[in-house]
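Open the model in your viewer and keep the selection tool at hand. Each stop below says what to select and what is there.

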Amino acid sequence: MSAVIELAGVTKAYPGGVTAVRSVDLTVEYGELVAIVGPSGSGKSTMLHLIGTLDRPTHGTVRIDGHDVATLSDRQLSALRARRIGFVFQQFHLAPGRDAVTNVADGLLYTGVARKEREWRAEAALVRVGLGDRLTHKPHQLSGGERQRVAIARAVAGDPAVLLADEPTGNLDSVSGAGVVTLLRELNEAGTTVLVITHDHEIAESLPRQVPMRDGQVMA
Amino acid sequence: MKPARLRLSDLLRLGGYGLRSRPLRAVLSALGIAIGIAAMTAVVGISSSSRADLDQRLAALGTNLLTVTPGQTMFGEDAVLPDESVSMIRRIGPVQSATATGKVSSAVYRTDRVPAGETGGLALLAASPDLLSTVGGVLTRGTWINQKYPTVVLGATAARRLGNVPSVYIDGRWWTVTGVLDPVPLAPELDSAVLVGWEAAATYLSFDGHPTTVYTRSVDAQVEAVRSVLAPTANPSSPDEVKVSKPSDALAARRAADDTFTALLLGLGAVALLVGGIGVANTMVISVLERRAEIGLRRSLGATRGQVRTQFVAESLLLSLLGGAAGVLLGYVVTGLYATTRTWPTVVPWWALAGGVGATVVIGAIAGLYPAIRAARLAPTEALSG
């Protein structure tokens, strides 16, 4: 059980004949920082969904943190996501009108942690991403880069086995984007496994390992 | 790995958050429920208050008054009660008091200039001295009639028709008005009557001395027993020619009519409530459509389908409970205002309040269930892509 992500012969075909991912093998060890890079339509979003257990493969096996996704029920997958997987999305997905602490604490809602503890951990996570002075700011009072940092704080507050970032810099200018990448790198150095999905080769090449994708296949 | 359970406090906060993020919409859809519940609460409240008022009045008036009047003979002629019927009735054990009025055939005029026949529909009755205490009559002003001299007391309606006159003209003689009565709820026939003393009527108006209505009060527990022996006591020779009635029954009969009306209004309130429920369902369906991204996010954060479903049901329940609470309050206030203008006591039965809140819980659950199921069925990937 040394790999946090193990994909073996994974294929995802949608009804209608579209095969988004085709016999992919991928192993990511604990503590790695990996970029899945490819143009749009290469199947990287489907990879994110499969690795994030939001979707199941048509063929092949997906093991996350040692759990075979095929053997888990929908409820068990939810629990796996709640405790072992953190998501960061291109659109941030922050709740408007709720301050940074509440947004981050909401990420721990489904872990069974009491409210006080959630808020305490949320504050710690916000300090970790460099937003210690923005705890009570609401999303509309924050810059794009800061919003993405709040989203990252939400993803890491529960101390997940893997952090999945889907185009984390897609909605940001290059300076904020670079800041977010630096943050992800820092989190990785502190021990979090990070998987970034991006179409940006520059960002991908700045990371230790790249997994290039094209037409649903990982290119060697 | 088992999913953690959502705490109740967290669930309430989740439901409340969905409503707070769109306050105007929440208020408007809760308003539908509120109006329905308010209508139903007010209808029940007003009818209960009216009933409570009636009960209070009946309790004050007493339900132990019975009246005896002559019916008709076998040949269809008007029967008469024997002169001694009052004293006979007074001798029945449980009877506390008995008194009578007798119809006098003379007409009452406002002045001596009024043409004959224009009596204004006023009846002229000879009254026993103890009439008022038995029927529960009260003098608005003045004093009770003098039995020997030509004096009159006017019923409430009669006084209104005649105006503020010092005397009335009966059979070529001026009769002094000594007093005016309040309306007598248990003997409304006295309201449109002009009362003269029993002896004075015999002396000045060729009154035959036959009582035409005997009023009697009995011990409460024995009213029905007294009722059954009144006819043979009043007229032993022909009890069939006697009619016995209980005036408080007539008042109580109004309740039945009220109940029909209440049922109709309750139906209207139920329709308003149904429309309100549809409004809540509509709001929830739209909310689910708009919040696909939030649903996707929550699924990615580890919410199970059940937890998403529960969140939306909780939101719907909160929404309709909000409306229900406001409606119950509004209905209570409306009842209070209406009852106050009628000088009724404000009575809203607890079952109406509990029923109002209970109905909103049912409506909230039903209205929220379908949207919540749709929200839970949404695949996380689909929700996130929207």
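**Stop 1: a strand pair in chain A.** Select strand E4 (residues 59-64) of chain A together with E5(A): two bridges join them, and the strands run antiparallel. This is a predicted model. Now pick A:Ile64. Its bridge partner in E5(A) is A:His67.

**Stop 2: the whole sheet.** Widen the selection to the four strands of the open sheet in chain A. Their order is E2-E1-E4-E5, and the pairing is antiparallel. Why do strand E2 (18-29) and strand E5 (67-68) of chain A each have one side without a neighbour in the sheet? Both stand at the edges with a single partner strand, so one side of each is left open in this way.

**Stop 3: where the chains touch.** Show chain A and chain B together. Here 22 residues of chain A are in contact with 19 residues of chain B. Which element of chain A gives the most to this side? Select helix H2 (residues 74-84) of chain A, which gives nine residues. Colour the side of chain A that touches chain B by class: seven residues are nonpolar, nine are polar and six are charged.

**Stop 4: the domains of chain B.** Hide chain A. Colour residues 8-59 + 254-385 of chain B as domain 1 and residues 65-251 as domain 2. The C-alpha centres of these two domains of chain B lie 57 Å apart.

**Stop 5: strand E2 of chain B.** Select strand E2 (residues 95-103) of chain B. Add strand E10 (residues 213-218) of chain B: the two pair in the antiparallel sense over six bridges. Pick B:Thr99, and look for its bridge partner in E10(B), B:Tyr215. Next add strand E4 (residues 123-127) of chain B. Three bridges join E2(B) to E4(B), and these strands also run antiparallel. Here B:Thr101 has B:Ala127 in E4(B) as its bridge partner.

**Stop 6: a helix pair in chain B.** Select helix H10 (residues 305-341) and helix H11 (residues 350-377) of chain B. They pack at an angle of about 150 degrees, with their axes 7 Å apart. Angles over 145 degrees count as roughly antiparallel, and H10(B) and H11(B) are therefore roughly antiparallel to each other. Is their crossing left-handed or right-handed? The crossing of H10(B) and H11(B) is right-handed. Finish by colouring the residues of this helix contact by class: 19 are nonpolar, nine polar and three charged.

Technical notes:
Residues numbered from 1 in each chain as written. Chains lettered and ligands numbered in written order. Predicted model: local features only at pLDDT ≥ 70, side-chain atom pairs only at ≥ 80, totals over all residues. Contact = placed C-beta atoms within 7 Å. Nonpolar A, V, L, I, M, F, W, Y, C, P; charged D, E, K, R; others polar. Pairing = 2+ DSSP bridges. Domains from an automatic or database assignment. Axes fitted to C-alpha atoms, helices over the stretch in contact; angles between N-to-C directions. Parallel < 35°, antiparallel > 145°, perpendicular 65-115°, else oblique. Left-handed = near helix turned anticlockwise from the far one by under 90°.
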